[in-house]
Number of protein chains: 2
Amino acid sequence: MIEKQDSNTEEKIILAAEKVFIENGMAGARMQQIADEAGINKALLHYYYRSKEKLFEIVFKTAIKMLVPNLVNAYKSGDGDFFTRLRKFIDSYITIIEKNPHIPAFVIHEVNHRPDQLTNMLAELNVDISFIINDINAAIDAGDMRPINPYDLMINVISLTIFPVVARPMITGIIFKGDKKGYKEFMKHRRNVVADFIINSIRLEKSQQ
Amino acid sequence: MIEKQDSNTEEKIILAAEKVFIENGMAGARMQQIADEAGINKALLHYYYRSKEKLFEIVFKTAIKMLVPNLVNAYKSGDGDFFTRLRKFIDSYITIIEKNPHIPAFVIHEVNHRPDQLTNMLAELNVDISFIINDINAAIDAGDMRPINPYDLMINVISLTIFPVVARPMITGIIFKGDKKGYKEFMKHRRNVVADFIINSIRLEKSQQ
DNA sequence: GTCTATAAGGTGATAGAC
DNA sequence: GTCTATCACCTTATAGAC
């Protein structure tokens, strides 16, 4: 159960499915392409996972788990004062997103397409963000941060972190006129820029660093 | 050329195509569905627009034009000092995005799927953002704003504006546990929250309002 | 478990009547 | 211009040999 055979067929299929689904979405993905990617026959996909729909569900859940629990864990793992932890979180989460840059767009697209089905799946994950909310409220109560709705702060942080990665081709096209290197250079500096931008907005001067 | 007959077939097709493509993406859209939506026959789609691909291109360009020039115009139309105009811009742009909430996700999905083809299309639009960049630099030079890379500020504003709309079902599912009303209430307050968040981050105290 | 062959239904596109 | 009928191809899924 714990050991992983690398040329295990089930595993190969899942890896191939992740690649193909995340690149093309459910509607654009082809079972043949997944089979080719896995180096096996199309019939084997159905032997192991019965239908395209079942395979998609597995990939979708994996994608969600890469986004959400990582977010919570990246936050919880930090130590130091609130702003130190926030800065650490932003850095960790940008790293995670940049390693899997297509996952947010994939999830957004699928979940917009069948919101009722997938929104329920998300709700059932029952992600516990109370730790983050309480932490924000504590920093406000301690007078370190100006009052702000914790949900707003959370969503601002996530927006500033994920959106520029999701919108990479648009930013490259519109702002950098197609220059991919320009975008890349730009993103290198974002980690600190995002953290500074947020902290400048919310920190109260009481205990200047 | 200027007059518009409302039950003009060409127009009906385009409106139907916009709805179907933006909802389902290129790969998920069906010509039959577009025909049904337009209340006409499938063959007529090909009579007027030859292929699915041609129809998609038209819809995609319309979508881009709804996002980008609106952004520039919303910015240019404001008056008053920099922060007044910024606040006005954020309000206008959120209004535009909320009226067409599926367009950003549609564009992001398609452009991620065939980045080379569509990134070039974006670059060819040759959107002129120099006005915005210069305006930001002027505010920094005047000492009203702390120094920040104008591109960073632009992308931060756009991220905070668009992302929460694009990620509506995710936010509803994960943060509001499926409660759609919770999301809606939340978004009502975002306009001022976003503007305050940004302005708190960048404004220098020199000329307190 | 893995393959080939094929079924069953869908999809974009066209031909041709009106 | 608009329709029905149909083609040619593609896609998921299964049957059955090995």
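1. In this predicted model, the protein meets DNA strand C chiefly at its backbone: sugar or phosphate supplies 67% of the strand C atoms within 4 Å of the protein, and bases supply the rest. The surroundings of DNA strand C comprise 15 residues, and the closest of them are A:Asn41, A:Tyr48, B:Arg30, B:His46 and B:Lys52. Both protein chains are thus represented among the closest residues to DNA strand C.

2. Several polar approaches to the phosphates of DNA strand C can be named individually. For B:Arg30, a polar side-chain atom lies 2.5 Å from a phosphate oxygen of DNA strand C. In the case of B:Lys52, a polar backbone atom is 2.7 Å from a phosphate oxygen of that strand. From chain A, the side chain of A:Thr9 places an N or O atom 3.2 Å from a phosphate oxygen of DNA strand C. The elements that give two or more residues to the surface near this strand are α3 (42-49) of chain A and α3 (42-49) of chain B.

3. Which element gives the most to the surface near DNA strand C? That element is α3(A), with four residues. By class, the surface near DNA strand C contains eight nonpolar, four polar and three charged residues.

4. DNA strand D is surrounded by 16 residues, of which A:Arg30, A:Lys42, A:Lys52, B:Asn41 and B:Tyr48 come nearest. Of the atoms of DNA strand D that come within 4 Å of the protein, 64% belong to sugar and phosphate.

5. The phosphates of DNA strand D also have polar partners from both chains. An N or O atom in the side chain of B:Tyr48 is 2.7 Å from a phosphate oxygen of DNA strand D. A polar side-chain atom of B:Thr9 lies 3.1 Å from a phosphate oxygen of this strand, while A:Met31 contributes a polar backbone atom at 3.2 Å from a phosphate oxygen. The elements giving two or more residues to the surface near DNA strand D are α3 of chain A and α3 of chain B.

6. On the side of DNA strand D, α3(B) gives the most to the nearby surface, with four residues. The residues of that surface divide into eight nonpolar, four polar and four charged. For DNA strand C, by comparison of elements, the largest contribution comes from α3(A).

7. The next matter is the contact between the protein chains. Chain A and chain B each bring 55 residues to this contact. The area buried between chain A and chain B is about 5,100 Å², and carbon and sulfur atoms give 70% of that area. In chain A, the residues that lose the most area to chain B are A:Ile155, A:Phe163 and A:Phe197, which together account for 14% of what that side buries.

8. How many salt bridges are counted between chain A and chain B? The count is four. One salt bridge joins A:Arg190 to B:Asp152, with their closest N and O atoms 3.2 Å apart. Between chain A and chain B, 15 residue pairs are in polar contact, both residues being at pLDDT 80 or more. On the side of chain A that touches chain B, at least two residues come from each of α1 (9-28), α4 (52-76), α6 (103-113), α7 (115-125), α9 (150-166), α10 (168-175) and α11 (180-202). Of the elements of chain A, α9(A) gives the most to this side, with 13 residues. By class, the side of chain A that touches chain B has 32 nonpolar, 15 polar and eight charged residues.

9. Within chain A, the domain assignment gives domain 1 (1-50) and domain 2 (60-207). The centres of these two domains of chain A, taken over C-alpha atoms, are separated by 30 Å. Five residues of domain 1 of chain A are in contact with six residues of domain 2 of chain A.

10. Domain 1 and domain 2 of chain A bury about 470 Å² between them, with 71% of it on carbon and sulfur atoms. In domain 1 of chain A, A:Glu18, A:Ile22 and A:Met26 lose the most area to domain 2, together 76% of what that side buries. Zero salt bridges are found across this domain interface of chain A, and one residue pair is in polar contact, both residues being at pLDDT 80 or more. The side of domain 1 of chain A that touches domain 2 comprises three nonpolar residues, one polar and one charged.

Terms used
Residues are numbered from 1 along each chain as its sequence is written. Chains are lettered from A and ligands numbered from 1 in the order in which they are written. Side-chain values use heavy atoms; hydrogens and water are left out. A residue is near a molecule or strand if one of its heavy atoms lies within 4 Å of it. A polar contact is a pair of N or O atoms within 3.5 Å; within protein, one must be able to donate a hydrogen and the other to accept it, and residues adjacent in sequence count only if both atoms are side-chain atoms. Ala, Val, Leu, Ile, Met, Phe, Trp, Tyr, Cys and Pro count as nonpolar, Asp, Glu, Lys and Arg as charged, and the others, Gly among them, as polar. Contact means heavy atoms within 4.5 Å. Buried area is the accessible area (1.4 Å probe) that two parts lose on being put together, summed over both. A salt bridge is a side-chain nitrogen of Lys or Arg within 4 Å of a carboxyl oxygen of Asp or Glu. Domain bounds come from an automatic or database domain assignment.
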